[in-house]
Amino acid sequence: MAKRYKKRKDGRYATNVTVGRDYVTGDPIKITVYGKSIEEIENNKALIKSDYLKGNNIITKNVKFLHYANQWLESKKPFLANKTYQMYDSAIHVYCKPLFSLDMKRIIRFDIQNLINMNLDKPRTCIKIHNTLHQIFEIALIDNIVNRNPCKGVQLPQYKSKTKRPLTH
């Protein structure tokens, strides 16, 4: 198999390296590698491949929160009771709307804390939002979509359960 190198007008060589598949479309993801010589291109290709094999996040970009959260929810659906599924669904689609258009990599602890702060009058809802987002970002860590979980360090309001009234005789 012949290697394809293209000589650019600036004198550098270029070639593409396939490093995986696009998370959304399934198309191959190619990274263009440049070098002043073919030997330099081969070294750069080896660096990219070693980064990929080490698990460094070089192939995922622009994964939107809404898309990933929906996929996460659908993957969990067969294992959840109906009420639990509805709780996750409402936590995502009712309370997490400010995150919908953000890239997963761009969401920071401050964004999560703002969601919690908007619902401080509903402590139990804050806990549900936090638990849902924490699970989503933990799976995103495993999928190598994000490098850290922004839910860590978020402050939650104190939740006091209602006192239960004993049954009468």
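**Notebook: helices H2, H3 and H5**

I looked first at the contact of H3 with H5, where Met87, Tyr88, Ala91, Ile92 and Tyr95 in H3 meet Thr125, Lys128, Ile129, Thr132, Gln135 and Ile136 in H5, contact meaning heavy atoms within 4.5 Å and helices being DSSP runs (H or I, at least four residues) numbered from the N terminus. I sorted these residues into seven nonpolar, three polar and one charged, with Ala, Val, Leu, Ile, Met, Phe, Trp, Tyr, Cys and Pro taken as nonpolar, Asp, Glu, Lys and Arg as charged, and the others, Gly among them, as polar.

I note that this is a predicted model, in which local features need pLDDT of at least 70 and side-chain atom pairs count only at pLDDT 80 or more, while totals for chains, interfaces and linings use all residues. Residues are numbered from 1 along each chain as its sequence is written, and side-chain values use heavy atoms, with hydrogens and water left out.

I then turned to H2 (residues 65-76), whose buried residues are Phe65, Tyr68, Ala69, Trp72 and Leu73, buried meaning under 20% relative accessible area (1.4 Å probe, protein chains only). Seen down the axis of H2, these residues fall within an arc of 135°, so they line one face of the helix; the arc is that of the directions from the helix axis to the C-beta atoms. I found H3 and H5 included in what covers them.

Last, I looked up Ala140 in helix H5, which counts as buried at 0% relative accessibility. Leaving aside neighbours within four places in sequence, I found Ala140 in contact with Tyr68, Met104, Ile145 and Val146.

Notes
Helices (H or I, at least four residues) and strands (E, at least two) are DSSP runs, numbered from the N terminus. Buried means under 20% relative accessible area, exposed over 50%, partly exposed in between (1.4 Å probe, protein chains only).
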